[in-house]
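Subject: Structure handover and findings

Hello,

Here is the structure you were to receive, followed by notes on what was found in it. Please read them with the model open.

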Amino acid sequence: QGQLEESGGASVEAGGSLMLSCRAPARTIDNCEMEWYRQPAGQQSEWVSRFSLHGDTRYGDSVKGRFTISKDTAKNTLYLRMVMLKPEDTAMYFCKTGTCTWFHKSKENSWGRGTQVTVSA
């Protein structure tokens, strides 16, 4: 399995913006469905967004209209642009691979170690 590495988390005030990055092994993000999850301290993880193999993007209801998922295959990097942040967005954010193409099946269901986002009121 490949290693995913998130970065970009920080402490910001409500209303602020952040850009999270997820660096992936070569040929991962163009051959795998890519997702963002988040987990507030002491709570269950929540699915945030998905970039499908077909190029479709999806968002959870709590972030729709505020978060944007994107990727740069040349840089092997997945992004999550977050604007109008709220205190309830405070969580550890993780990127994850979903379904991958046939020759990249070994990369499915890989997780990074996460990056912390803290939003103060």
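How many bridges join E9 to E10, and do these strands run parallel or antiparallel? E9 and E10 are joined by 3 bridges and run antiparallel. Please keep in mind that this is a predicted model.

**The six-stranded sheet**

E9 and E10 belong to an open sheet of 6 strands, in the order E2-E10-E9-E4-E5-E6, and the pairing in this sheet is mixed. Its edge strands are E2 and E6 (57-59), each of which pairs on one side only. From one strand to the next, the twist averages 25°.

On one side of E10 comes the antiparallel partner E9, where Tyr-93 stands opposite Thr-115 of E10. On the other comes E2 (residues 11-13), which runs parallel to E10 and is joined to it by 3 bridges. Glu-13 has Ser-120 of E10 as its bridge partner.

E10 (residues 115-120) has two unlike faces: Thr-115, Val-117 and Val-119 make up the covered face, while Gln-116, Thr-118 and Ser-120 make up the uncovered one. In a regular strand, side chains alternate between the two faces of the sheet.

**The four-stranded sheet**

A second open sheet has 4 strands in the order E1-E3-E8-E7, with antiparallel pairing. Here the edge strands are E1 (5-7) and E7, and each pairs on one side only. Ignoring direction, neighbouring strands of this sheet are turned by 20° against each other on average. Within it, E3 (residues 18-23) and E8 pair in the antiparallel sense over 6 bridges. Leu-20 has Leu-80 in E8 as its bridge partner.

**Disulfides**

The count of disulfides comes to 2. With the bonded cysteines numbered in sequence order, the pairing is 1-3, 2-4.

Cys-22 and Cys-95 form one of them, with their sulfur atoms 1.9 Å apart. Cys-22 is in E3 and Cys-95 in E9, so this disulfide ties together parts that are 73 residues apart in sequence. The torsion about its S-S bond is about 55°, so the disulfide is right-handed. Cys-22 and Cys-95 are both buried.

Cys-32 and Cys-100 form the other, and their sulfur atoms are 2.0 Å apart. Cys-32 lies in E4 and Cys-100 in E9, so the pair ties together parts 68 residues apart in sequence. The torsion about the S-S bond of Cys-32 and Cys-100 is about 105°, so this disulfide is right-handed. Cys-32 counts as buried because its relative accessibility is 1%, under the 20% cut-off. Cys-100, at 3% relative accessibility, also counts as buried.

**Thr-97**

Thr-97 lies in E9 (residues 91-100). Is Thr-97 buried or exposed? Thr-97 has a relative accessible area of 1%, so it is buried.

Its side chain has polar contacts with the backbone of two residues. A polar atom of the Thr-97 side chain lies 2.5 Å from the backbone oxygen of Lys-107, and the side chain also reaches the backbone nitrogen of Ser-110 at 2.8 Å. Leaving out residues up to four places away in sequence, the residues that Thr-97 touches include Leu-4, Thr-28, Cys-32, Glu-33 and Met-34. Lys-107, Glu-108, Asn-109 and Ser-110 are also among them.

**Salt bridges**

The structure holds 8 salt bridges. Asp-89 takes part in a salt bridge with Arg-38 (2.9 Å, N to O). Asp-89 is in the loop between E8 (77-82) and E9, and Arg-38 is in E4 (residues 32-39), so the pair ties together parts that are 51 residues apart in sequence. Asp-89 and Arg-38 are both buried.

The side chain of Asp-89 also meets that of Arg-66 in a salt bridge (2.7 Å, N to O). This pair links distant parts of the chain, with Arg-66 in the loop between E6 and E7 (67-72), 23 residues from Asp-89. Arg-66 is buried, as is Asp-89.

Asp-61 and Lys-64 meet through their side chains in another salt bridge (3.2 Å, N to O). Asp-61 is exposed because its relative accessible area is 68%, over the 50% cut-off. Finally, Glu-33, Glu-35, Arg-50 and Lys-96 are linked in a network of salt bridges.

Regards

Notes:
Residues are numbered from 1 along each chain as its sequence is written. This is a predicted model: local features need pLDDT of at least 70, side-chain atom pairs count only at pLDDT 80 or more; totals for chains, interfaces and linings use all residues. Side-chain values use heavy atoms; hydrogens and water are left out. Buried means under 20% relative accessible area, exposed over 50%, partly exposed in between (1.4 Å probe, protein chains only). A polar contact is a pair of N or O atoms within 3.5 Å; within protein, one must be able to donate a hydrogen and the other to accept it, and residues adjacent in sequence count only if both atoms are side-chain atoms. Contact means heavy atoms within 4.5 Å. Two strands pair if DSSP finds at least two bridges between them. Axes are lines fitted to C-alpha atoms, for helices over the stretch in contact, and angles run from 0 to 180 degrees between N-to-C directions. A salt bridge is a side-chain nitrogen of Lys or Arg within 4 Å of a carboxyl oxygen of Asp or Glu. A disulfide is a pair of cysteine sulfur atoms within 2.5 Å.
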